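The following exercises concern one molecular structure. Each consists of a task, followed by a solution in steps.

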Amino acid sequence: MSDQIHIVEMGPRDGLQNEKTPVSVEARIAFVEALVAAGLNTVEVGAFVSPKAIPQMASSDAVLRGVSHVKGAEFHVLVPNEKGYDAARAAGAKVVSVFAAASEGFSRANINCSVAESIERFKPVLARAKADGVKVRGYVSCVLGCPFDGEIKPKAVADLAVRLWDLGCYEISLGDTIGVGTPLKAREMLRAVGAELPVANLAMHFHDTYGQALANLYAGMEEGVRVIDAAAGGLGGCPYAPGATGNVATEDVVYMLEGMGVKTGIDMDRLLATTNEVAGLLGRPPVSRVASALNAKRKRLGGS
Ligand code: HMG
Ligand code: MG
């Protein structure tokens, strides 16, 4: 448990993709810069998807170009197909993420194709990325439940994770897209995937809709998973996952880990300032418990 945990910051992508308030390219760049300054060295900064589907992620090319001067960090972007890959590469992407779903219902709603068709779309992306020396991360959505198809069998998750791994993804991020999972189910799912793939190459991407994400992460850490996706302020959600709220909040994860003696290298004061800054842009306080608690404490102590 005391090994280093790697946090992949989702705020600028998963976080902002579902927000109604438009956020300028300049503010998105500043958000990424502040996250890196707080110690988050891997940040998903945008998505090369249809701007008709996700207008919030339009101009992800400008965001990626705008953060290219930032040293010591790795920037990820989503690509659903070759068109997205072309645009991501033109903007300088060195790491891209493809995303598939363990359920047909969500695949259809999110990317307008079946799971098998999505794999066909990814094949040329993975082949070109290999030739270009670009790393590809693979997501599996709906690993603990689907808003359309209901319960998902761990084997369906493991089978898809293996497909993505065999195509050449270096890491498989397992998404509880609608945040319905509970710890024993999360453990069962992670054991099923871990029986097929190296646990070191798995990541947990848990949305916190039902407040279970930290408990589920702890269960996964007990299984040896060491990569956690999280979003500053608990921002986010997927427009195609009805009712789902944001990712587990980065500050909640950092507080839990540091309390367990796991060094994260993340500066909580800077992270909180960043979370508050973005909450200000969106016009509402952060939803995360740790941000609320620390902000209230500061107020009591007379800080800003
Ligand atoms: P489609 O309609 O099947 O694609 O959409 P198409 O090839 O028929 O093209 C339709 C239109 O989209 C065309 O434009 C294309 O040019 C354009 P039009 O002729 O109508 O003007 N298009 C694109 N534009 C920009 N970039 C592209 C691109 N591809 C086609 N790459 C598509 C398929 C995937 C594009 C579409 O359904 C889409 O963009 N969906 C959005 C999916 C998305 O971003 N979802 C949220 C992120 S996933 C998520 O949040 C889950 C995750 O966090 C993990 C978890 O929590 O589980 C990762
Ligand atoms: Mg997500």
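**Exercise 1. A residue in a loop**

Does V225 count as buried or exposed, judged by its relative accessibility?

*Solution.* The model is predicted, and every value below is computed from it.
Step 1. Locate the residue: V225 belongs to the loop that joins helix 9 (213-222) to strand 8 (227-230).
Step 2. Apply the cut-off: a residue is buried under 20% relative accessible area. V225 has a relative accessibility of 1%, so V225 counts as buried.
Step 3. Relate V225 to another part of the chain: V199 is 26 residues away in sequence, and the two C-alpha atoms are 5.8 Å apart.

**Exercise 2. The metal site**

Determine which residues coordinate the magnesium ion (ligand 2) and how their positions are spaced along the chain.

*Solution.*
Step 1. Identify the donors: D14 contributes OD, while H205 and H207 each contribute NE2, at 2.1 to 2.3 Å from the magnesium ion (ligand 2).
Step 2. Write the spacing of these donors along the chain: D-x190-H-x1-H.
Step 3. Assign D14 and H205 to their elements: D14 is part of helix 1 (residues 11-15), and H205 is part of strand 7 (residues 202-206); the pair therefore ties together parts that lie 191 residues apart in sequence.
Step 4. Check the exposure: D14 and H205 are both buried.

**Exercise 3. The surroundings of ligand 1**

Describe where ligand 1 sits, which elements contribute to its shell, and which polar atoms lie at 2.9 Å from it.

*Solution.*
Step 1. Place the ligand: the largest pocket holds ligand 1.
Step 2. Count the shell: ligand 1 is surrounded by 27 residues, and Q17, S50, N110, S141 and T177 are the closest.
Step 3. Map the shell onto the fold: at least two residues come from each of helix 1, helix 4 (82-90), helix 5 (104-111) and strand 5 (135-141).
Step 4. List polar atom pairs. R13 places a polar side-chain atom 2.9 Å from an oxygen atom of ligand 1. N81 has a polar side-chain atom 2.9 Å from a nitrogen atom of ligand 1. In F48, by contrast, a backbone N or O atom lies 2.9 Å from a nitrogen atom of the ligand.
Step 5. Quantify the cover: on its own, ligand 1 has 1100 Å² of accessible area, of which the protein covers 74%.

**Exercise 4. Positive phi angles**

Where do S59 and N112, neither of them a glycine, lie in the chain, and what are their phi values?

*Solution.*
Step 1. Recall the background: most residues other than glycine have a negative phi.
Step 2. Treat S59: phi is positive, at about 65 degrees. S59 is found in the loop between strand 2 and helix 3 (60-66), and with a relative accessible area of 36% S59 is partly exposed.
Step 3. Treat N112: phi is again positive, near 60 degrees. N112 is located in the loop between helix 5 and helix 6 (115-132), and a relative accessible area of 57% makes N112 exposed.

**Exercise 5. Polar contacts of two loop residues**

Find the partners of the side chains of E19 and S103, and state how accessible each of these two residues is.

*Solution.*
Step 1. Start with E19, in the loop between helix 1 and helix 2 (25-37). Its relative accessible area is 9%, so E19 is buried. The side chain of E19 forms a polar contact of 2.6 Å with the side chain of R284.
Step 2. Continue with S103, in the loop between strand 4 (95-101) and helix 5. S103 has a relative accessible area of 2% and is buried. A polar atom of the S103 side chain lies 3.4 Å from the backbone nitrogen of F106.

**Exercise 6. Separation in sequence and in space**

How far apart in space are the pairs V45 and V157, and D166 and T264, computed from C-alpha to C-alpha?

*Solution.*
Step 1. V45 is in strand 2 (residues 42-47) and is buried, at a relative accessible area of 0%. From V45 to V157 the C-alpha separation is 26 Å, with their positions 112 residues apart in sequence.
Step 2. D166 is in helix 7 (residues 154-167) and is exposed, at a relative accessible area of 59%. D166 and T264 are 98 residues apart along the chain, and their C-alpha atoms are separated by 31 Å.

Definitions and conventions:
Residues numbered from 1 in each chain as written. Chains lettered and ligands numbered in written order. Predicted model: local features only at pLDDT ≥ 70, side-chain atom pairs only at ≥ 80, totals over all residues. Heavy atoms only, no water. Donors = N, O, S within 2.8 Å, 3.2 Å for Na, K, Ca; no water. Helix = DSSP H or I, 4+ residues; strand = E, 2+ residues; numbered from the N terminus. Buried < 20%, exposed > 50% of the residue type's maximum accessible area, 1.4 Å probe, protein only. Near = heavy atom within 4 Å. Polar contact = N/O pair within 3.5 Å; in protein donor to acceptor, adjacent residues only side chain to side chain. Areas by Shrake-Rupley, 256 points an atom, 1.4 Å probe, with all protein chains shown as cover. 1 Å grid on protein atoms, 1.4 Å probe; cavity = no way out; pocket = protein on both sides within 12 Å on 5 of 7 lines; lining within 4 Å. Sits in = over half its atoms within 2 Å of the grid points.
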